[in-house]
Amino acid sequence: MFDYDAERLRDVILQLTRSNISPEATLWFSGKLDISETSAINAAFSLIPRKTGVSVIKLRSFDRESISTIKPGLSVEGWTADRLCRVCLLLHLDAPDKDTYFKTIEALFLAAEMNELVALYSALPLLAYPDIWRMRCAEGIRSNIGGVLEAIMHHNPYPAKHLDEKAWNQLVLKAFFTDKDVNKIYGLDERANAELALILSDYAHERWAAGRKVNPLLWRLTTNYIDGRILDDLKRVFREGDMPERQAAALAVHGSSSKDAKELLDDHKDLSADIKRGKLKWESLGEG
């Protein structure tokens, strides 16, 4: 039903909500955690911001560690109180009846406004029966709402664990296309694949043809697939790119097992040295 310790995480999230809303809101919210009628669930889900407020939550290191231990890849950093409470409410829905459970949550998706969608997509890795939400996740990737895309892409372990290769590749390409923080995508390196490397190479060529910059982090996904066209792409980056682009190319070829790729570092020993010292890495490049 769940692919993690749901009871334990439910307790952690519930305590976190209580520490981030007023006593009056806590009293109201506690009365909504055992409701089962669809109309009552819909009403409570909609009312939450008015009752709890929308302030950014405060987290203790204990909260961060507990959540990441129970559900690796998940982070609630930067969430608002209403987003957290909505996810908490979803965690308390009765799950044994799979059909009813699906219909209840799907109804929320169909009627949701933007902030409700953000909460619903944030909850994907925590919902029961994870396989039944693949189509919903894939649909969310097609959204043009920035907050929805970030809810799916940033610190959300659901896509990496459950999407097929085609949907995963669409997510990564959409992240680059919409200028999302690619380093916040969980499972980015583990889900890299040859088809994605070629898709991103095509994307880079489209950007170059239009006289536009290419996000240096794109080359992170080519590390294990550097041959032929992608090798030529990286030669071009070393030859014509600015410093962040050349740093990215250096990181890509440094991590490659290709002898031809590694030879590209011969003329860039300063970058190679920075990588070996730990001064240059993908995460710090993303911060730049």
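Here are four short exercises with worked solutions, based on a predicted model.

**Exercise 1: Helix α12**

Work out whether the ends of helix α12 (residues 194-209) lie where its number of residues suggests, and find which residues make up its buried side.

*Solution.* Start with the length. Helix α12 has 16 residues, and at 1.5 Å a residue it should span 22 Å. The C-alpha atoms at its ends are 23 Å apart, so the expected span and the model agree.

Next, pick out the buried residues of α12: they are Leu196, Ala197, Leu200, Ser201, Tyr203, Ala204, Arg207 and Trp208. Because these residues cover an arc of only 165° around the axis, they sit on the same side of α12.

Now turn to the face pointing away from that buried side, where you will find the exposed residues Glu206 and Ala209. Finally, look at what covers the buried residues of α12: the cover includes α11 and α13 (228-240).

**Exercise 2: Asparagine 169**

Is asparagine 169 buried or exposed, and which residues does it contact beyond its neighbours within four places in sequence?

*Solution.* First place the residue: asparagine 169 belongs to helix α11 (residues 165-177). Then check its accessibility. Buried means under 20% relative accessible area, and asparagine 169 has 4%, so it counts as buried.

With neighbours within four places in sequence set aside, the contacts of asparagine 169 are Asn193, Glu195, Leu196 and Ile199. One of these, Leu196, is also among the buried residues of α12.

**Exercise 3: Two residues with positive phi**

Find the loops that hold tyrosine 129 and histidine 155, and compare how each residue is exposed.

*Solution.* Take tyrosine 129 to begin with. Its phi is near 55°, a positive value in a residue that is not glycine. Tyrosine 129 lies in the loop between α7 (114-122) and α8 (134-141). Its relative accessible area is 16%, so tyrosine 129 is buried.

Move on to histidine 155, another residue other than glycine, with a positive phi of about 55°. Histidine 155 is in the loop between α9 (146-153) and α10 (158-162). Here the relative accessible area is 32%, which means that histidine 155 is partly exposed.

**Exercise 4: The cavity**

How many cavities of 30 Å³ or more does the structure hold, and what lines the largest cavity?

*Solution.* The structure holds one cavity of 30 Å³ or more. The largest cavity has a volume of about 40 Å³.

To find its walls, select Leu74, Ser75, Trp79, Arg83, Ser122, Ala151, His154, His155 and Asn156. Sorting this lining by type gives three nonpolar, five polar and one charged residue. Histidine 155 from the previous exercise is part of the lining.

How values were computed
Residues are numbered from 1 along each chain as its sequence is written. This is a predicted model: local features need pLDDT of at least 70, side-chain atom pairs count only at pLDDT 80 or more; totals for chains, interfaces and linings use all residues. Side-chain values use heavy atoms; hydrogens and water are left out. Helices (H or I, at least four residues) and strands (E, at least two) are DSSP runs, numbered from the N terminus. Buried means under 20% relative accessible area, exposed over 50%, partly exposed in between (1.4 Å probe, protein chains only). On a 1 Å grid over the protein atoms alone, a cavity is a set of points where a 1.4 Å probe fits but cannot get out, and a pocket is an open set with protein on both sides within 12 Å along at least five of seven lines; lining residues have an atom within 4 Å of a point. Grid points are joined across faces, edges and corners, and a volume is the space filled by probe spheres set on the points. Ala, Val, Leu, Ile, Met, Phe, Trp, Tyr, Cys and Pro count as nonpolar, Asp, Glu, Lys and Arg as charged, and the others, Gly among them, as polar. Contact means heavy atoms within 4.5 Å. The expected span of a helix is 1.5 Å times one less than its number of residues. The arc is that of the directions from the helix axis to the C-beta atoms.
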